[in-house]
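Thanks for asking me to look this one over with you. Have the structure open while you read, and stop at each point to find the residues on screen.

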Amino acid sequence: MRRLFLIGGLLVAFGLAVLAASAAAPANFAGTWGLDKAKSQGLSQRMQNAESVTWTITQDDKTISIDPKVTGGQPPAGGGAGGGTGGGRPPAGPTAYKLDGSETTSDVPLGQMTGKQTLKATWAGDALQLSRTTTVSTPDGDRTSSNAQKLSLSGDGKVLTAVVHSEGGRGGPTDSTLVFNKQ
């Protein structure tokens, strides 16, 4: 009987440890991050030629916001809409996602054209998956582009990796891996 209580107690302790581990806070990506071009792959021409690429990320328990800045470098030929943060120009200003998994839809100012974007963030363990779909109404009809990013942190929290897949830009689908160091 004593042995049963001991085994039962161990099982309860193990169950509580597993529960505590699964309830741990999700990764916090907040900070200013500088692109490490040498460790990144599939960079757009603008990012390769840029003096610096930084992401300023703010995060609380409800939202995450990414404000990308590219200093120097030339925009892609033809101006614009290359899939955002990975191929082509990043979006103007910060992009904010809700961390509860719900979608956010907003208007996108694009000069004389109109656009809508839908944003969604979902957790996959310690990684955060961000998706953005943008539809722009042009004189030639609607054009849709999409961007998916999987963000993860190194064990010490000093390196941010973003695996990015973009579609609907002018050059077709693009894949890149952006490696950032915390500044």
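Below are my numbered comments, going from the whole chain down to single residues.

1. First, keep in mind that this is a predicted model. The mean pLDDT of the protein is 83, and 76% of its residues reach 70 or more. Strand β1 (residues 31-35) has the highest mean of the elements, at 98, while helix α1 (residues 2-22) has the lowest, at 48.

2. Two stretches call for some care. Residues 10-22 have pLDDT below 50, and beyond near neighbours in sequence this stretch has 0 contacts in the model. Residues 78-90 are also below 50, yet this stretch has 38 contacts beyond near neighbours in sequence. Where pLDDT is low, the predicted coordinates should not be read in detail.

3. Now the parts list. You should be able to find 2 helices and 10 strands. Walking along from the N terminus, the elements go α-β-α-β-β-β-β-β-β-β-β-β.

4. How are the strands put together? They form an open sheet of 10 strands with antiparallel pairing, and the order across it is β4-β3-β2-β1-β10-β9-β8-β7-β6-β5. At the edges sit β4 (95-98) and β5 (104-110), each of which pairs on one side only. From one strand to the next, the twist averages 25°.

5. Take one pair of strands and trace it yourself. Strand β6 (residues 113-124) runs antiparallel to strand β7 (residues 127-138), and the two are joined over 11 bridges. To get started, look for A124: its bridge partner in β7 is A127.

6. Next, a residue worth clicking on is L160, which lies in strand β9 (residues 159-167). Is L160 buried or exposed? It is buried, because its relative accessible area is 0%, and the cut-off for buried is under 20%. Leaving aside neighbours within four places in sequence, L160 is in contact with several residues, including F29, W33, W55, I57 and F180. V179 is on that contact list too; L160 and V179 are 19 residues apart in sequence, but their C-alpha atoms are 5.9 Å apart in space.

7. On to charges. Side chains of opposite charge can pair when their charged atoms come close. How many salt bridges does the model have? The count is 3, with the N to O distance required to be within 4 Å.

8. Here they are one at a time. K116 and D107 meet with 2.5 Å from N to O. K116 is partly exposed, at 46% relative accessible area, whereas D107 counts as exposed, at 57%. In the bridge between K69 and D67, the closest N and O atoms are 3.5 Å apart, and K69 is partly exposed at 43% relative accessibility. R143 and D140 are 3.9 Å apart, N to O, and D140 is exposed, with 68% relative accessibility.

9. Finally, a few totals for the whole protein. Of its 183 residues, 32% are buried. The exposed surface is about 10900 Å², and carbon and sulfur atoms supply 56% of it. Among contacts between residues at least 6 apart in sequence, 43% join residues at least 24 apart.

Conventions: Residues are numbered from 1 along each chain as its sequence is written. This is a predicted model: local features need pLDDT of at least 70, side-chain atom pairs count only at pLDDT 80 or more; totals for chains, interfaces and linings use all residues. Side-chain values use heavy atoms; hydrogens and water are left out. A salt bridge is a side-chain nitrogen of Lys or Arg within 4 Å of a carboxyl oxygen of Asp or Glu. Buried means under 20% relative accessible area, exposed over 50%, partly exposed in between (1.4 Å probe, protein chains only). Helices (H or I, at least four residues) and strands (E, at least two) are DSSP runs, numbered from the N terminus. Contact means heavy atoms within 4.5 Å. pLDDT is the predictor's confidence in each residue, from 0 to 100. Two strands pair if DSSP finds at least two bridges between them. Axes are lines fitted to C-alpha atoms, for helices over the stretch in contact, and angles run from 0 to 180 degrees between N-to-C directions. Accessible areas come from the Shrake-Rupley method with a 1.4 Å probe; for residues, only the protein chains shown count as cover.
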